[in-house]
Structure formats: structure tokens, C-alpha cells
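Got the viewer open and the selection box ready? Here is a short tour, one stop at a time.

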Amino acid sequence: MSSLILPAILGGLTTGAIYALIALGLTLIYGVLHIINFAHGSLLMLALYGVYFLHLFFGLDPYLAIPIVVPLFFLLGYGIQRGIIAPFSGGKEQNVLLVTLALSMIIDNLALYFWTSNTRTISLPYAYEMVEIGPAFIPLPRVIAFFASMLCALILWLVISRTRIGKAIRAVAVERRGAELVGIDVQNTYAVCFGIGTACVAVAACLLIPTFYVTPQVGYAFVLIAFTTVVLGGMGSFLGALVSGLLLGVIEALCGLFLGESLGQIGIFLAFILILLFRPSGLFGRRAA
Amino acid sequence: MLEISGIKAGYGPVNVLQGITMSIADGEIVAVLGSNGVGKSTLNNVVSGIIKPREGKIRFEDNDITGHPPRSIVEVGISQVPEGRRVFPNLSVKENLELGAFRRARERMRANFERICDIFPRLRERLDQLAGTLSGGEQQMLAIGRGLMAEPKLLILDEPSLGLSPIMVEEMFNLVQRINREGLAILLVEQNVVQSLGVATRAYVLEQGRFALEGSAADMLADPRLRQTYLGL
């Protein structure tokens, strides 16, 4: 049994890296715009279809689709915030909640209408190549997914902490009036954040599709885990989302190992309930004021 | 340089400002005095573009800036140091200052940064500290420093002495004079009547959304009747 634990942990980390990446987008949007983006999972689903169709029609490798899909989804996210969420919410946070929920319903049902509920997968020649890491054999796409997700997290962190727009984003997140008074365009900054958050799910889609499938409902599974990750890490915390994403991946893998593959996700939601009971502000969250 | 005429502005059904007309000339310190709730901050926020006026015009150096967004107001050379400082608590002192040059004078950021650290040596000692951990006085310095980073031609100071210790208040008014001597026009909005009149060239007294009184600061300080009626001295 113990010989299975290390491989399970390593496998869990590769899943967890994707959870972290999706959660980073969600936590960024929450931390800056103070809105809960229910459409996050639907946008992931949309990106999965995007990568799927690029492969189906043009034979484009999912990894090579990254430079196409990611800028497109950045623009899509930017446009959604500017063109839909901001005008329809009228600045009221409770309206934003409804707008993103409505958006997710519309996207999901349009996907169902146009693409049916069939489960689609793509087959890639390298999908079943195994990489030997210590005692574990892990599929090549998942190793790639792990390192690519970590790279994205690093890039995102550098953007937020070192660049001019990153400083503006952090300023707007906490002190909106002050930001306006130094001449920061707050609405533009919000839209950039939404764009970055959406770009995160686009990367995740490219990394997921080689070993995963797509249906119009696929977003739900991930968005629930993403919300759990964000709450576990502490709402709006960057490091929290990263660490708890990886942690949930490992918890899921270990529960799968001990309880059976299909029950792995029980661990995730058990962890969620425990964190809500004992540390509602999350692992890295500030205590509620 | 700044001319405001017939400004009406407010929130909801209420007009907080009911027809404000005033001007600021190059190099002046103009004080707007008044107690809480008479519309001082509304006036600042109209000039800064946070609130759009319902009536009236604002001209700055012969350009109509009425209703322009805050970023355009910063761009033409008007910076506001808001009431309550509004520094970015989650950013370091250095980053706060750098963001001051977000919209204007970005190419001279290094030089201005050094200049402001010379004015406020205490900020230089705390460059890597988060702004939220500074004392009230230090945050006020940082807010002024951030405002100066944009090389404004007109600096609006909204209650800069509020919540400061008496020594810091003294220091603040000395500072206002010092940056004014470098050629900056200042709109000083204050409740601290005596000290404001001590540094200002001219002053306006705001009451219920209108100017009840205006004139040279020296005259106002000297006139016993005015002192009693409007300044509560």
C-alpha cells in the first residue's frame, strides 16, 4: 500500500496544479472586483470546446493552441466585464452575482443547443506516454500540465507584483477612490482583471483536454472545486489559491486511493466543510474584520 | 488658472452645491473654509471629476474640463490629496509614490521620487514598508507625496490637518507654504480656520452649498465682525 501513496501524491499534484490555475483566475476576479464569478466554469467549458474544435478542424495540437486561445479569451473576458457585467450590474454587487449566474446559464445552454450533450475527447499520439518520476509513472500531458500551470502562476505573480498594471490592479482592489485620484482607469482595470482570470481558464483548457473530455456540463465539476480552492486558500489570496489547489489535488488522489477512484472528490468537499467549521477565513486569508 | 462658475452638484435629489463660482490664480493658496457637511468635499470631487456637476462650468488654463473623468483631470495637472488620505494600504510606500505618476510625469518618475523623498525624509526611511502600517501623519505625508508625483500645477488638499497631532498640524501648514513657494497653486479645503487663513492668499467661506463670504485671507483674519459671524472666533 505504501508504495502507492507517493505515486498518488504526485498524480494528485498534477491535478491540483490545474485546480490552482483555475482558482487563481477566480480569486483574482474576486479579490479585485469583489464579485463571485459564477460564469468561470462555463468559460472553462467554452475554452475546452475552442481547443477541441481547433484540433478537430485544423488538426491543431492543444499546446500549440495556447497562443491563439489565451489572447482570445483574455479579450472575451475583457469584453464580458466591459460590455455585460459593468453595464448590467449598475455598480451593485448583488446584481453582479445574478449577472454572472445568468451568463453561465446562457453559455451552458447555448453549448447544449449547438453542440449537444455528447462527451467529446481528442486522441493524441503522446497522450499515453508515461514519464517515470521516482516510484511513479505519470502520463506525459499531466506532467506538462503541472509545470505549465506552475509557470503560469509564476508569470501571473510577476505581472501582479512587478508591473505597472499589476500595481494598478492591487491599488484598485483595496482603495478604489485613491486609485481614481491618481488617474487609474478603474473600469479598464476591472476588465483587465476579468480578462486575466478568463485567460487562466483558457490555459487550463489547453492543458486539460489531452487527458480529459468536454461536455456542456464539464464546467460545474471544476467551478465547484475552484470555489472550494478559493475559500480554502482565503478569499482573494493568491498564494492561498495556489497552495490549496495543490493540496486539494493531493487530498482527492489520496481519498481515491483509499476509498476507490470515484469517491476521490469526497475528500475535497470534506476538506471544504472542515475549513468552513474551523477556519472560515481560509488558510491564508485575513481574519474577518 | 482655475475658474469655476455656477456649479451645482449633489447626490440623489439633493443639490449639495447650489451655485459655486470661484477662481484660483497661478501660484495662489486659496482656502475654502466651512464646517462639516457644507459641501467642501463635494466641491473637491467635482473639480477632480469624481462627481459630475449638474450645472456650471469648470475651466483650467483655458480648457473646459467640466465633467471630464478623473484621469483626464490628473492629466491636465490637477491632483487631489483626498480627505482620509486614501493611500494604498496593501502597497509599499515606494509603490504608492510610483502610482502617483501613473497618469502624468511618468518619464520623470525617478527624479520626482528623489525630490519627494528629500521633502519627506521619513518616507525614505520606510520605502519598503506597507502604507497601511504607517502612522496617520506619515500616511498624510505619503498622500501628499503621491499627489506631487504627478507634477501637478494645482494641488487640492482636502482637510490635510484632520486627525493629526498639533505638532504635525503645524508641520503640515509649513509644508503647504513650502510646496507653494515652488510655484504650485494650492486649493486648501479646511476646517482649521486660523491656520488656513495664516497661509492662504485668499479664502472662501462655504455655507449650505454657497459661498457666504470671500476675500483676502488677511482681511478676513483682521475683521472682527467677520471673525465672529462666520469663523466662530
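Two residues count as being in contact if their C-beta atoms, placed from the backbone, lie within 7 Å. Keep in mind as you click around that this is a predicted model.

**Stop 1: where the chains meet**

Show chain A and chain B together and colour the contact between them. You should get 14 residues from chain A and 22 residues from chain B. On the chain A side that touches chain B, the elements giving two or more residues are helix 6 (164-174) and helix 7 (176-181) of chain A. Which of them gives the largest share? Helix 6 of chain A does, with 5 residues. Now colour that side of chain A by residue class: 6 nonpolar, 2 polar and 6 charged.

**Stop 2: helix pairs in chain A**

Hide chain B for a moment. Two packed helices are described by the angle between their axes and the distance between the axes. Select residues 140-162 (helix 5) and 186-208 (helix 8) of chain A: their axes come within 10 Å and cross at roughly 165°. Angles over 145 degrees count as roughly antiparallel, so helix 5 of chain A is roughly antiparallel to helix 8 of chain A. The crossing is right-handed.

Turn on side chains for the contact. From helix 5 of chain A you want I144(A), A145(A), A148(A), S149(A) and C152(A), and from helix 8 of chain A, C200(A), V203(A) and L207(A). By class, that contact has 7 nonpolar, 1 polar and no charged residues.

Keep helix 8 of chain A on screen and add helix 3 (residues 66-89) of chain A. These two axes come within 7 Å and cross at roughly 140°. Helix 3 of chain A and helix 8 of chain A are therefore oblique to each other. This crossing is right-handed too. The contact of helix 3 with helix 8 in chain A has 21 nonpolar, 6 polar and 1 charged residues.

**Stop 3: the six-stranded sheet of chain B**

Swap over to chain B. Here 6 strands form an open sheet, in the order 6-7-8-3-9-10, with mixed pairing. At the edges are strand 6 (78-81) and strand 10 (210-216) of chain B, each pairing on one side only. From one strand to the next, the twist averages 15°.

Now select 29-33 and 185-190 of chain B. These are strand 3 and strand 8, which pair in the parallel sense over 5 bridges. To check the register, pick A31(B): its bridge partner in strand 8 of chain B is L188(B).

Next, bring up helix 1 (residues 40-48) of chain B. Helix 1 lies across strand 3, strand 6, strand 7 (154-158), strand 8 and strand 9 (202-207) of chain B, running at about 150° to strand 7. Helix 6 (residues 136-148) of chain B also packs on this sheet, touching strand 6 and strand 7 of chain B, and its direction makes about 170° with that of strand 6.

**Stop 4: the four-stranded sheet of chain B**

Which strand order does the open sheet of 4 strands in chain B have? The order is 2-1-4-5, with antiparallel pairing. Strand 2 and strand 5 (63-64) of chain B stand at the edges with a single partner strand each, so one side of each has no neighbour in the sheet.

Put K8(B) at the centre of the view. Strand 1 (residues 2-11) and strand 2 (residues 14-24) of chain B pair in the antiparallel sense over 8 bridges, and in strand 2 the bridge partner of K8(B) is Q18(B). Strand 1 of chain B also pairs with strand 4 (residues 55-60) of chain B, antiparallel over 5 bridges; in strand 4 the partner of K8(B) is E55(B). In the hairpin of strands 1 and 2 of chain B, which has 2 residues between the strands, look for G12(B), with its positive phi near 55°.

Carry on to strand 4 and strand 5 of chain B, which pair in the antiparallel sense over 2 bridges. There, F60(B) has N63(B) as its bridge partner in strand 5. Helix 1 of chain B packs on this sheet, touching strand 1, strand 2 and strand 4, and its direction makes about 65° with that of strand 2 of chain B.

**Stop 5: the domains of chain B**

Finally, colour chain B by its domain assignment: domain 1 (2-77 + 153-231) and domain 2 (87-142). Their centres, taken over C-alpha atoms, are separated by 24 Å. In the contact, 9 residues of domain 1 of chain B meet 5 residues of domain 2 of chain B. On the domain 1 side, helix 2 (70-76) and helix 7 (166-181) of chain B give two or more residues, and helix 2 of chain B gives the most, with 3 residues.

Conventions
Residues numbered from 1 in each chain as written. Chains lettered and ligands numbered in written order. Predicted model: local features only at pLDDT ≥ 70, side-chain atom pairs only at ≥ 80, totals over all residues. Axes fitted to C-alpha atoms, helices over the stretch in contact; angles between N-to-C directions. Parallel < 35°, antiparallel > 145°, perpendicular 65-115°, else oblique. Left-handed = near helix turned anticlockwise from the far one by under 90°. Nonpolar A, V, L, I, M, F, W, Y, C, P; charged D, E, K, R; others polar. Pairing = 2+ DSSP bridges. Domains from an automatic or database assignment.
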